Amino acid sequence: MAATAIASHNFARLITSQVDGVRSIHQEHDAADPTTMDELMETASVLDSEIQSIKAQVYKKLLANFTEFTHSFENSLELKGKIDELLRQADEMTSQTIDPETGLRQKVMSALVNHHEVSYKVQENDSILEGLKHFSRVDDILCQYEDCMDSGKILQAGHCIQQAAKVLAQPPNAGVESSNITKHLTEQCTRMSEAIDHMLDQLIASAIHFNHIEQDSTYNYQLSFSYNVKVPPLALPRSGSASTPGSIRWHELVRALTLLELASEKLRPLQKSILRNLLQPLIQFHKDSTLELLSSASNYASAEGSSVSLSVNLGHGRSGQATIFDDVLRVFEYIHQDIFLSQYSSPEFNAQQVSSDTEILTYVVGRYIAKETSAMILKFYLTEIIPFNISELNQFGSISSAVIRFEDDLIAMGFLTEADRELRDFVENIDVHYTNRQRDTLLKQGRAIIMNDDFQVIPVKELDRDDELEQERSSWSTGDHDTDLKESSISIKAKQLVDMVLTTLQGAAPLSADASPYLYQATRSLVDLYRVLMPVYHERTLTDVPALTILFYNDCMYIARELEKMTDRLENGIPGMDEVLYDDDIPPLKALAKKWLEIQVQKQREELMQSIDEASRFHDSSVESNFAACERAMKQIVYVFRHLGKAWKPTLSPMKFYHVLGQLLDDVAIRVIKEIEDLGDISEKESHKLAIICGLLFECEDQFDSAGPLVEEVKGDAYNDEDPIHYFVPSWEKFQLMTDILELSFAEIMTRFRAGQLHMFKVQELSNFVCALFADTPLRQRNLEEIGQGHPFRRN
C-alpha cells in the first residue's frame with residue numbers, strides 16, 4: 001500500500017477528531033456569556049470555513065486511496081466467482097447423494113439393512129448352537145442317571161439329577177429358557193427326582209424295622225437295622241425299561257442321604273420312633289424297664305444288622321443296678337455306633353476332611369433326639385426327684401455328678417454342645433428348685449389347712465408356757481391389755497400356719513444366698529394366702545357365728561405377734577438376709593382382724609337396736625300389751641349379752657372382751673336413755689313400769705363382775721374401788737341414775753341434784769325429765785329455776 005494511503009481506522013479517527021473540535025467550540029460558546037448577533041454570524045462563518053476545510057481533506061484522502069479501492073474491488077469479483085463454483089459443485093454432490101434410485105444415501109441404507117439381517121441370522125444360529133450344546137449336556141447327564149440307576153448307584157444318580165436341574169436352571173439365552181424342550185426336560189428331572197425320593201423311602205423302609213406291642217401293663221418295642229439293603233427295580237422313563245435290582249450297604253445309603261442333604265427329612269420317622277417309642281418309655285417307666293442291645297458296630301463290614309429292644313412291665317420292677325442315665329447313654333451309643341457308624345471308615349464313608357458322615361448325621365439328626373431327650377429327663381425324672389427335705393438335698397450330689405457325666409458323653413459324641421447343657425443348669429440350681437418345691441408344698445398344705453372346717457381351739461397360755469422368747473417379751477411388755485393374747489384362745493389353724501412358717505425359715509439355713517430368700521418369700525405368700533382366702537372361703541361362717549369371728553380375730557393377732565418375733569427367733573437371719581422381717585405383712589393382718597371384729601360387733605349392734613325397736617319407743621308402757629313388748633325386748637337384749645359372754649369370754653383376752661361387750665352395752669344404754677328422754681309426758685304408773693323395764697338390763701352387770709382387777713391394774717392409784725362396769729360402759733352410771741329418777745319423788749330428786757349426784761345429766765336433760773314426770777306447779781317451776789342455774793359443786 002502507498003505511503004499516502006489512509007487506513008480505514010485512521011480515517012475514522014480523523015473525522016472523529018474534527019467533529020470533536022466543532023463540539024468543543026459549541027460548548028465554549030454555550031458556557032460564555034450571551035453574545036450579539038454579529039458575533040453569532042461571525043461564529044457561523046468560522047464554522048462554515050471549518051466544514052469546507054474538512055470536506056476538502058476528505059476528498060483528498062479518497063483520491064489518494066482510489067487505486068487501493070479499485071484493486072480490492074477486482075479481488076472481490078474474483079473471489080465471488082470461486083464461491084459460485086464451489087456452490088455449484090456442492091449442489092451437484094447433494095443431487096448425487098439424495099437421488100432415490102442412484103443416490104449414495106440409498107446405497108448406504110441398503111447396505112446397512114443387509115448387514116443387520118446377516119447379523120440377526122448369525123446370532124440366531126449362535127443361539128441355536130448354544131441351545132443344542134445345552135440340551136446335549138443335559139441329555140448326557142440324564143443318560144448317566146439311567147446308567148447309575150441301572151447299576152444301583154443311588155448316590156451318583158442323585159448327583160446326576162441335581163446337576164441336570166442346575167444346568168436347566170441356567171439356560172444360555174431366553175429362547176432356550178422358554179422352549180418346550182426345556183420344559184419337557186425339567187418335568188423329566190422332576191419325575192426322576194421323585195423316583196429317587198421314592199426309592200430312598202423304600203430303601204430306608206427296608207433297612208429300618210419298627211415293632212411295638214402295647215397291652216394293659218406291658219409294653220414291648222424293638223428297633224432293628226438291616227445293613228444289606230435291597231434295591232427295588234425302578235422304571236427308567238427315558239428307556240422305558242426297568243433298572244436291575246440289587247443291594248447296597250447301609251453306609252452307602254447313609255452317605256447318599258448326607259450328600260443329597262436329605263438325612264434330616266428322610267430319617268425323621270426314625271427320630272420320632274426313637275423318641276416316642278424307645279426313649280420316652282425308658283425314661284418315664286425306668287424302674288419297670290428292661291433295655292437290650294444287639295450291637296454290630298465293631299464288625300460292621302461283615303455284619304448283617306443290629307437291634308435295640310425295650311420291655312416295660314409296670315409294677316414288676318427291674319433287674320440290674322443301671323441308672324436311668326446309664327441306660328439312656330447306652331441308647332445314644334447305639335445310635336452313634338450302629339446307626340451313624342462312628343467306628344466305620346472307608347473311601348466311601350467318613351472320608352471327608354472337614355466333617356465326616358457320622359458327624360453330619362449326629363448334628364442334623366442326633367442333636368434333635370438329644371435335646372428332646374434332655375427335655376424328657378427334666379420332665380419325667382429330675383423334676384420328680386427334687387428333694388423334699390434337707391437330707392435329700394444333701395444327697396443329691398451323686399445325681400448331679402451323673403447328669404454332668406451324661407452330658408459330657410453326649411457332647412463328646414457330638415449330640416450336644418456346651419450351649420445345650422440344660423440338665424447341668426438344672427442340677428446346679430437344685431437348691432432353687434428345692435425352694436420352689438417347698439413353696440408349692442407349703443402353699444398346698446397351707447391352703448388345705450385354711451379351707452379345713454376344723455376350728456379346734458387352743459389356749460394361747462399353753463402355747464406360751466414353753467416359749468422362752470415370749471416369756472422374755474412379756475417381762476418387758478408395755479401392758480397393752482387390748483392386744484395381749486396370753487389369756488385368749490386361737491384355732492389350730494393359726495398354730496399350724498405359724499409352725500409352717502418357722503419350719504420353712506429354719507430349713508432355709510443350709511441353702512445358698514440365692515435360694516434361701518425364695519423360702520422367705522414363700523412364707524410371705526402363705527400369710528397372703530391366709531389373709532385372702534380365709535375371709536372369702538369362710539365368709540358365711542365368720543358372719544353368722546360370733547364365736548368364730550372372735551377366733552379369727554385372735555388368729556390374725558396371734559400370727560402377727562409370732563411374725564414380729566421371727567427376727568428374734570432367727571438372730572442370724574438366713575443366707576442372703578441379715579434380718580427376717582415381716583413389716584409389710586403384719587399391719588394388713590392386724591387391720592383384717594379389726595375389720596372382722598368390727599363387722600361382728602356391728603352385726604350384734606344392729607340386732608340389739610332391732611330389739612329396742614320392738615319396744616315401740618317405750619310409749620304407753622302402763623298399758624299391759626305395751627309393757628309386755630318392752631319387757632320382751634329387754635329380756636332379748638339380756639339374752640344376747642349372756643350368749644355373747646359365753647361365746648366370747650373363753651376366746652378373747654379379758655380386757656378385749658370387756659371392751660367389746662362394754663361398747664355394745666353402752667350403745668344400748670345410750671339408746672334407751674334417748675328413747676325415754678324423748679317421752680313428753682310420763683305418768684306415775686308409767687314411770688314405775690319404765691323403771692321395771694330398765695331394771696331388766698341390770699342383769700347384764702354380772703358380765704363385768706370379774707373385771708375389777710383389770711380396772712385396778714389400768715387405773716393404778718386412781719382406782720377407788722368403783723364398779724368395774726362404769727369403766728367399760730361409760731353411760732351405765734347415767735342409765736342407773738335415770739332408772740332411779742323414774743322411782744324417786746320430786747324431793748329426792750332435788751336432794752340428789754343439790755348433792756351433785758345427777759351430774760351425768762345435762763341441765764336440759766334433767767329439766768325435761770322433771771317436766772315429763774311432774775305436773776306444772778309453782779314447786780316444779782321453782783325447782784326448774786334452781787336446776788337451770790346448773791349443777792352445784794360436786795364434793796368427793
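Helices and strands here are DSSP runs, numbered from the N terminus. The model is predicted.

**Exercise 1. The largest cavity**

Task: Find how many cavities of 30 Å³ or more the structure holds, then describe the lining of the largest cavity by residue, helix and class.

Solution.
- Step 1. Search the whole structure. Two cavities of 30 Å³ or more turn up.
- Step 2. Take the largest cavity. Its volume is about 60 Å³.
- Step 3. List its lining. The residues are L497, V498, V501, L526, V527, Y530, I559, E562, L563 and M566.
- Step 4. Assign helices. α19 (492–507), α20 (516–537) and α22 (546–564) each give at least two residues to the lining of the largest cavity.
- Step 5. Sort by class. Nine lining residues of the largest cavity are nonpolar, none is polar and one is charged. Glu counts as charged. The lining list includes E562, so E562 is the charged residue.

**Exercise 2. The four-stranded sheet**

Task: Work out the strand order of the open sheet of four strands, and name its edge strands.

Solution.
- Step 1. Recall how strands join. Strands of a sheet pair through backbone hydrogen bonds, in a parallel or an antiparallel way.
- Step 2. Read the order. In this open sheet it is β1-β2-β6-β5, and the pairing is antiparallel.
- Step 3. Find the edges. β1 (208–214) and β5 (289–294) each pair on one side only, which makes them the edge strands.
- Step 4. Check the angle between neighbours. With direction ignored, neighbouring strands of this sheet are turned by 5° against each other on average.

**Exercise 3. From β1 to β2, and the helices on the sheet**

Task: Trace the link between β1 and β2, then say which strands α10 and α11 touch.

Solution.
- Step 1. Follow the chain. A hairpin of three residues joins β1 to β2.
- Step 2. Count the bridges. β1 and β2 (residues 218–226) pair over seven bridges, in the antiparallel sense.
- Step 3. Match the partners. H209 stands opposite S224 in β2. E214 stands opposite Y219 in β2.
- Step 4. Add α10. This helix packs on the sheet and touches β1, β2, β5 and β6 (305–313). The direction of α10 makes about 145° with that of β2.
- Step 5. Add α11. This helix also packs on the sheet, touching β2, β5 and β6. The direction of α11 makes about 20° with that of β5.

**Exercise 4. The second largest pocket**

Task: Give the space in the second largest pocket, and find which helix supplies the largest share of its lining.

Solution.
- Step 1. Take the volume. The second largest pocket holds about 320 Å³ of space.
- Step 2. Look to the centre. The pocket has 16 lining residues, and H286, K287, I324, Y381 and I385 are the closest to its centre.
- Step 3. Assign helices. α10 (268–284), α11 (324–339) and α14 (397–413) each supply at least two lining residues of this pocket.
- Step 4. Pick the leader. α14 gives the largest share, three residues.
- Step 5. Sort by class. The lining of this pocket has nine nonpolar, four polar and three charged residues.

**Exercise 5. An aromatic pair**

Task: Classify the ring pair of Y300 and Y344.

Solution.
- Step 1. Search the whole structure. There are 20 aromatic pairs.
- Step 2. Read the geometry. The ring centres of Y300 and Y344 are 4.7 Å apart and the planes stand at 65°, so the pair is edge-to-face.
- Step 3. Place the residues. Y300 lies in the loop between β5 and β6, and Y344 in the loop between α11 and α12 (357–380), so the pair ties together parts 44 residues apart in sequence.

Key: Residues are numbered from 1 along each chain as its sequence is written. This is a predicted model: local features need pLDDT of at least 70, side-chain atom pairs count only at pLDDT 80 or more; totals for chains, interfaces and linings use all residues. Side-chain values use heavy atoms; hydrogens and water are left out. On a 1 Å grid over the protein atoms alone, a cavity is a set of points where a 1.4 Å probe fits but cannot get out, and a pocket is an open set with protein on both sides within 12 Å along at least five of seven lines; lining residues have an atom within 4 Å of a point. Grid points are joined across faces, edges and corners, and a volume is the space filled by probe spheres set on the points. Two strands pair if DSSP finds at least two bridges between them. Axes are lines fitted to C-alpha atoms, for helices over the stretch in contact, and angles run from 0 to 180 degrees between N-to-C directions. Contact means heavy atoms within 4.5 Å. Rings of Phe, Tyr and Trp (its six-membered ring) pair if their centres lie within 6.5 Å; planes under 30 degrees apart count as stacked, over 60 as edge-to-face and the rest as tilted.
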